[in-house]
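Thanks, everyone, for making the time this morning. I would like to walk through one structure, moving from a hairpin to a sheet, then to a chain interface, and ending with a pair of helices.

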Amino acid sequence: MKRPLLHLFYKEWIKTRWAFLGMLLLGIATMLYIFTAVENKITLQGAKTILLRILYDEPPVIYYASFRYIPLLTAIAVGISQYVPEITQKRIRLTLHLPIGNHTLIAGMAGFGLVLLTLGNLLYTGLFLYYNVRLFPAEITRPVMISLTPWLLSSYIAYNFIAMIAMEPGKWRKVAYSVIAWYILQFFLVGDRPHGAFGASIPVLVLMTILSSGGVLYTSQRFYKGER
Amino acid sequence: MLIKIIRIIAVLFAVTAAASVLPRLYDTTFSSRGGRGHKDIRYSEILKDFIISEYVYSSEKSHTAGQTIYYDRHGKSYSRDSVDQLFLLDNVSQLAYEGRFPDTICGMAVTPELVSSEAFSQYYSAQPGLYYGLCELRDRKSYTSRSLEPRDLFRITPEGIQFIVCETNQIDEEKSRRFTTELTRLDFRFPALRMWTSPDKSVSEAIGYYVTDSKNYLYCLSMELSTPVVQKLEKPDNKNIRNVNFGKSSDIRALLITEDGDTYIQHPDLSYTRLALPSSLGKSGTLNGNLFYRIFTLPDRNRQTTFVFDRDFRLLDSCSLYYSPRPQSTAGVFKELLLPLRIGQTAWNGFYADWSPIKRFIWFNLILTAIALYYKRKNGNRLSDAFTVTDLLLVVVFGIYGFIGIFAFPLKRSQKEIVKSKSADL
Amino acid sequence: MTILKHLIYKEWVKTRWFASIALLLNLGVLVYIFMSLRSSFLSAGGVTYLSALLTYKTQFFSIYRYIPLGIALLVGISQFAPEITDKRIKLALHLPLHNLRIIYTMVVYGFVLLALCMIPGILIFTGLISIYLPAEITLPVLQTMLPWLLGGFCAYFLIAMIAMEPVWKFRFLYLLVSYKVLSLFFMHLPIGNAVSLLPVLCLVTCLSSIAPVYTSYRFNKGQL
């Protein structure tokens, strides 16, 4: 049971590695850009002024705003590179003839993608914390991390929906699911409010993220059955 | 089995998405025309009573016109000119420009400069605002020298007060120790619950910060020529403080709202006067002041109450303005019928679900359930199946959102089930 | 001639569903813009709303900004992605027609399809907002939207160019250059200011329409 799963993971890695590494590069570059810009402003205006502006300016100074769509783009890159080959070339049919259960197979694919995204998010978070803790005291770091959390969670939602949509056999249902995904993502990609603003929504967002992970199993079953 | 549960979760996602979008779409398409009259209330020092002004719309053929009417509490109406006579303190600049400003008002000798210097307006709130715990402590004498400009921000942690030098993001140990010692000397229990300062730069420099320690005692923290100046303040009637607003006029040092909603004025000599106002919990009001009066306005559900105090903060009079509720338009009625709830997300309070009154939407929901039931039976789903019942319950509760959801995610039966039901029919 | 017809039909089969999504998306967003304009207009009152619009120059239509780009992506990727994944372009290029003609038929087909998706929507939109807005406002609005439409066309040509390129290294480079070029079209400019930029944008679009020639030539030479 273990060996075929490892082979599966390796196959998925081959499919996704360039897209994933490319997006990681973009994410790291964005992170470096954010902090270079902040340090530049500090050099120009003085650290205390910048700190006070970040804390108390109205409209709020969201110095990390460039990072908003990075986890989402990473998820899209991984999701598309992983699932689009399956459906365009109908390769999924071959995979489904492997000696592991269909559900295990699909769950393995999805699990691989989620692990990849988690690694990416951990990298982003680690890098962000490293720079932020160096520059700012905890009174800024804590609310800013709370503001970042919905964006990091949005990557999982996007990936799960991409997997679900890709596996869906019906064309118009794909469009319908994309519309649903778009509006669900609007809850996650919030910004323009002071740091730490959406902390109260995080439990619900985490719940939504966890619940969304099963969606691909539902549509892949319909794909497997050959329904229209 | 697992798949069917996953499908229900997917339906709930569809319901959430629909419930956040469709109400907005409906509002954009069928909006109600504007034009509610705007009401305002003022206290006349001549009349010693309130005058209410209202902007009324009169819709003629194709264009709306409006005009302001004035009346008092007893319904007597006033013309524009007579109203102008009654508000001398408010119209200082206009009257002075026209040279019509009187020498005495209500027996007191006045000049335009005196009156306009006594006029001020400010907001105050019972709700503490955005608070990060990191603030700038400016020196009282910072206007004398550039070297007294602080380069750090401070916070009060369980270990004591910490001054963080911004450039290096390190704690200035020596300065922090000096201030912590001074605070400890006055029995300050760390950490601080909350700190307040005036938004006005010069007042903030002069007063410093009002800090509540973990035992809810009130302190005033400030700095003079780099030495800490800490003062323990009395609490108003020994009540815990909810929020502090600093005053804009010379006779009000601060406005304190206590935990039970009472409002206290703190005078420059640090004594308190309790204001005869109703509980201000959860509200923010306005304070307008002039030569004779201090006028507080508090909002409420569908009204606004104005309280007039004299300069010694004794209540003279009060009056409530009621806002007539907007009559419900047909679009509004249909909205309650069609859309049972609205899901949204606000910044500090997280998610909310706004339900319409049940009586309105339940009938439409039941009609939709009947349609759904018809389609389910046509597809061969029997009511004995728990998941079909769940689907129908979703339509009953969520109405049109549930209807969209269960048809977006089809529930086709597997071969096994079809064979089983066929054999059951035989 | 019939071969061209067959080719066009093949392209139609590839893109028809995505083009219909694009058309619906275009119409949907434009109608939504009109509805929210109508809603603000009616609730604020005509005079108030128009004077606020003229004073603050709010771009009530700004959500339309990236829609032409999205349409170009939908049509372009659905048309060219099968070519590169399945290497089907090789088969198409073995048809008894000159290579350039084939490529150009595909590109012109896409261009016409894009125009058919975008233009009717814009015309309907102009008609609708003219109910509430005078020409002094409508014309600058259209002037501001024109760079976005041109950006959509330019994006389509660039997608064709990138798809035809055989080598991934260069594809990545072209992607970076395209990002920079397209950012010219989608700048956040105040209303009506884009007029002076339009000749340049038209020139850039025309140049980009020639770009697929270069890459398909390299593809054809077999640099895979």
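Before the hairpin, one term has to be fixed: two strands are taken to pair if DSSP finds at least two bridges between them. Please also keep in mind throughout that this is a predicted model.

With that in place, let me begin in chain B, where strand E13, residues 218-224, is joined to strand E14, residues 227-233, by 7 bridges, the two strands running antiparallel. Within that pairing, Met223(B) stands opposite Pro228(B) of E14(B). The hairpin that E13(B) and E14(B) form has 2 residues between the strands, and Leu225(B) takes a positive phi there, near 50°.

Staying in chain B, there is also an open sheet of 3 strands, ordered E8-E9-E10, with antiparallel pairing. As general background, strands of a sheet pair through backbone hydrogen bonds, in either a parallel or an antiparallel way. The edge strands here are E8(B), residues 152-157, and E10(B), residues 170-171, each of which pairs on one side only. Strand E9(B), residues 160-165, is joined to E10(B) by 2 bridges, and Val165(B) stands opposite Gln170(B) in E10(B). Against this sheet packs helix H5(B), residues 173-185, which touches E8, E9 and E10 of chain B and whose direction makes about 155° with that of E9(B).

Turning to the interface of chain A with chain B, 47 residues of chain A are in contact with 43 residues of chain B. The area buried between these two chains is about 3,800 Å², and carbon and sulfur atoms give 69% of it. Which residues of chain A lose the most area to chain B? They are Lys48(A), Phe187(A) and Tyr218(A), which together account for 19% of what that side buries.

Finally, in chain C, the axes of helix H3, residues 67-85, and helix H6, residues 135-164, come within 8 Å and cross at roughly 15°. Because angles under 35 degrees count as roughly parallel, that crossing angle makes H3(C) roughly parallel to H6(C). The crossing of H3(C) and H6(C) is right-handed. On the H3(C) side the contact is made by residues including Leu69(C), Leu73(C), Ile77(C) and Phe80(C), and on the H6(C) side by residues including Trp148(C), Gly152(C), Tyr156(C) and Ile159(C). How do the residues of this contact divide into nonpolar, polar and charged? There are 16 nonpolar and 3 polar residues in the contact of H3(C) with H6(C), and no charged ones.

Definitions and conventions: Residues numbered from 1 in each chain as written. Chains lettered and ligands numbered in written order. Predicted model: local features only at pLDDT ≥ 70, side-chain atom pairs only at ≥ 80, totals over all residues. Heavy atoms only, no water. Axes fitted to C-alpha atoms, helices over the stretch in contact; angles between N-to-C directions. Helix = DSSP H or I, 4+ residues; strand = E, 2+ residues; numbered from the N terminus. Parallel < 35°, antiparallel > 145°, perpendicular 65-115°, else oblique. Left-handed = near helix turned anticlockwise from the far one by under 90°. Contact = heavy atoms within 4.5 Å. Nonpolar A, V, L, I, M, F, W, Y, C, P; charged D, E, K, R; others polar. Buried area = accessible area lost by both parts, 1.4 Å probe.
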